[in-house]
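Here are a few exercises to work through with the model open beside you. Try each task yourself before you read its solution.

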Amino acid sequence: MLNRLLLISTFVAITLSSAAQILEPVKWSFSTNRTSLNEAEIIFTATIDDGWYLYSQHLPEGGPVPTSFTFEENASFTLVGKVIESNAKEKFDEIFKMDIKYFLGEPVFRQKIKPLTNEAFKVTGYVEFMSCDNNNCTPPTAVDFELTVPAFIADETTPANPDSGEESTETLKEETIEVAQPTAITIAEEMPLDQSTDKRGLWYIFFAGLLGGLLALLTPCVFPMIPMTVSYFIRNTSNKAKGRRDAVIYGISIVIIYVTLGLGVSLIFGSDGLNQLSTSPWFNLFFFVLLIVFAAAFFGAFELQLPSSWTNAIDNKAEKTGGFVGVFLMALVLVLVSFSCTGPIIGTLLVEAATSGSMLSPMIGMTGFSIALAIPFTLLAIFPSMMGSIPKSGGWLNSVKVVLAFLLLAFSLKFLTVADSVAQWNLMSRDVFLAIWIAIFTLMGFYLLGKIKFHHDSDLPYVSVPRIFLVIIVFSFVAYLIPGMWGAPLTSISSFAPPVTTQVFDVNRSSGGEQGSAVNQTSLLPEGYHTKEGAYGLVKFLEYDEGLEYARKVGKPIFLDFTGHGCVNCRKMEAAVWSDPQVLQRLRNEYVIISLYVDDRTRLSDEEQYTSDFGGRERRIRTIGNKWSDFQAKRYGVNSQPYYVLLDHQENQLAQPYSYNTNVGQFVDHLDKGIEAFRQAQ
């Protein structure tokens with residue numbers, strides 16, 4: 001009995017495990033509604049699981065696969081206009097560098113048609129779409145539909161003239177068909193559209209605000225005010241409990257003032273406005289110029305100051321009022337007086353928060369900033385004995401401002417890059433971006449060494465220990481950036497720099513040398529093969545049979561690469577793993593690479609199209625991408641990318657398949673196992 005239970009449990013576990021590979025985040029239902037003799041409507045409703053989203057019909061070229069609707073020709077009706085979709089959300093996508101429209105929940109698509117008969121007729125076609133969550137994307141999938149538009153039955157209220165445009169009051173039954181989505185594939189490692197990503201973004205904004213507040217404390221406008229403010233609370237009350245209470249109120253007031261500022265930004269722009277800020281090239285260009293102005297102020301070109309009358313009026317009011325209101329007004333005086341130093345930091349933070357697209361971001365950013373700014377004032381007022389441990393003011397405060405100016409200059413290029421990508425100006429290539437960053441951080445290093453001096457800087461008789469550590473960090477970062485000028489991936493700054501595809505000069509694509517030698521292999525390939533130059537000059541075969549034939553001809557094993565044009569993890573593997581010299585040497589010299597793109601939308605000829613029944617569902621294979629996705633699922637039981645299979649000439653596997661894993665050593669071992677197994681089989 002126990003053995004039977006164990007057997008049943010094992011079977012159930014295996015069954016559930018297999019079923020877990022089938023994801024159906026989107027289900028389609030189709031319905032018809034005939035409103036008059038010469039008017040009907042086809043309604044497409046997508047039901048999307050929580051955390052998933054569906055792409056719009058209207059996406060720029062070079063992005064993900066948009067949703068599309070195809071109707072087969074039929075003499076019984078004609079289409080009226082195009083498919084109308086629900087209002088889509090929109091966000092700038094960092095991977096594709098473009099605005100992406102998408103849907104959540106239950107979007108509806110409608111296509112009007114003009115019936116050419118009053119009899120019932122069928123409408124057939126298919127909808128093609130992709131859906132994604134934070135970790136997975138379904139492959140471009142075509143779902144067929146077949147609907148019957150009912151015959152039009154006139155009643156007494158029907159107009160005599162069917163072309164009069166008046167609608168019949170006859171209510172017709174809608175026909176609804178539900179279709180489930182096939183197996184999902186892993187394409188994107190991270191997408192900024194679901195709730196979990198929003199949470200991560202808000203935490204990022206909060207900690208950015210916290211860091212900004214800590215930096216603001218070290219500026220010459222704020223740091224000297226700490227002992228002055230603390231001394232005020234200590235001297236102006238004989239009641240220690242009241243002094244501590246006022247100090248707490250003072251800190252809370254600082255938080256309230258800055259959070260109110262963040263709330264004001266949110267209310268002024270709203271969530272839609274903030275989304276537009278994140279995607280508008282003109283706003284991003286404005287932010288770029290704004291940060292340049294802030295940097296110039298920190299360099300000492302001019303002072304950012306609010307009218308002194310504001311500060312004096314509020315200061316006098318604080319002295320007269322006293323109590324809670326007086327303490328609050330004192331906090332407001334701090335905010336106004338320190339504006340020349342905190343203004344650029346606050347402005348930068350609000351810009352970053354606003355362009356994140358979330359309505360909460362400005363408030364969250366200001367919360368982090370104000371907490372970092374308020375805590376030292378509050379703690380030192382409560383525990384005045386700690387005053388002796390804080391360093392004295394001096395020239396180092398001006399140095400902090402200048403270092404911040406260099407960082408603002410570097411950060412400003414992010415907004416110029418976004419504007420350039422969205423507007424397609426082609427001004428900011430990856431080479432230009434890196435050259436400017438190298439110049440900025442090199443100058444910062446020389447400044448920290450005392451080789452560059454601004455008019456408000458004090459003399460630097462010697463280089464302190466903290467400075468020398470900062471110099472080491474800065475020049476190490478410069479050394480890290482330099483190889484990027486020749487095409488090194490620099491994955492740690494990929495979210496700031498333009499994509500590697502904008503690189504004007506890339507040694508990996510140049511002729512000659514170890515890196516470029518692969519490019520010349522193209523001329524050695526027999527004519528008639530479908531090949532392309534891939535990352536780092538590697539030659540890729542795009543047809544499985546052709547690649548297999550060529551591998552047999554040259555006596556090399558096969559590196560079968562299931563990939564996609566929109567596959568983020570595939571790009572990361574190429575940037576982080578394929579770029580390694582050990583990997584490049586093996587892929588270039590030891591293997592024939594066959595890359596099969598599961599999202600290639602090139603349509604197959606009518607003779608090449610077929611119907612697949614994999615997974616118990618019939619699916620029409622219409623495109624090259626459909627074919628390779630179906631090929632991978634049938635042969636290897638997997639439908640995720642990247643997916644690498646090493647094969648011999650009899651199509652036997654030489655090692656266990658390899659998926660997304662950026663450990664270079666493990667990938668090299670994987671390739672070596674395939675080479676060794678291939679040689680032993682010969």
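A pocket is an open set of grid points where a 1.4 Å probe fits, with protein on both sides within 12 Å along at least five of seven lines. Keep in mind that this is a predicted model.

**Exercise 1.** Describe the second largest pocket and work out which element gives the most to its lining.

*Solution.*
- Step 1: Start with the volume, which is about 1100 Å³ for the second largest pocket.
- Step 2: Look for the centre. The lining has 34 residues, and the closest to the centre are L211, L215, V403, L404 and L407.
- Step 3: Find the elements that give two or more residues to this lining: α2 (195-217), α8 (339-354), α10 (396-423), α11 (430-448) and α12 (465-481).
- Step 4: Pick the main contributor. With nine residues, α10 gives the most.
- Step 5: Sort the lining by class, and you get 27 nonpolar, five polar and two charged residues.

**Exercise 2.** Explain why β4 and β11 each have one side without a neighbour in their sheet.

*Solution.*
- Step 1: Recall that strands of a sheet pair through backbone hydrogen bonds, either parallel or antiparallel.
- Step 2: Write down the order. This open sheet has three strands, β4-β9-β11, with antiparallel pairing.
- Step 3: Find the edges. β4 (68-71) and β11 (141-149) stand there with a single partner strand each, so one side of each is left without a neighbour.
- Step 4: Add the geometry: on average, neighbouring strands of this sheet are turned by 25° against each other, direction ignored.

**Exercise 3.** Find how many bridges join β9 to β11.

*Solution.*
- Step 1: Locate β9 at residues 121-129; it runs antiparallel to β11.
- Step 2: Count the bridges between these two strands, and you reach nine.
- Step 3: Check one facing pair: K122 stands opposite T148 in β11.

Terms used. Residues numbered from 1 in each chain as written. Predicted model: local features only at pLDDT ≥ 70, side-chain atom pairs only at ≥ 80, totals over all residues. Heavy atoms only, no water. 1 Å grid on protein atoms, 1.4 Å probe; cavity = no way out; pocket = protein on both sides within 12 Å on 5 of 7 lines; lining within 4 Å. Points joined across faces, edges and corners; volume = space filled by probe spheres on them. Helix = DSSP H or I, 4+ residues; strand = E, 2+ residues; numbered from the N terminus. Nonpolar A, V, L, I, M, F, W, Y, C, P; charged D, E, K, R; others polar. Pairing = 2+ DSSP bridges. Axes fitted to C-alpha atoms, helices over the stretch in contact; angles between N-to-C directions.
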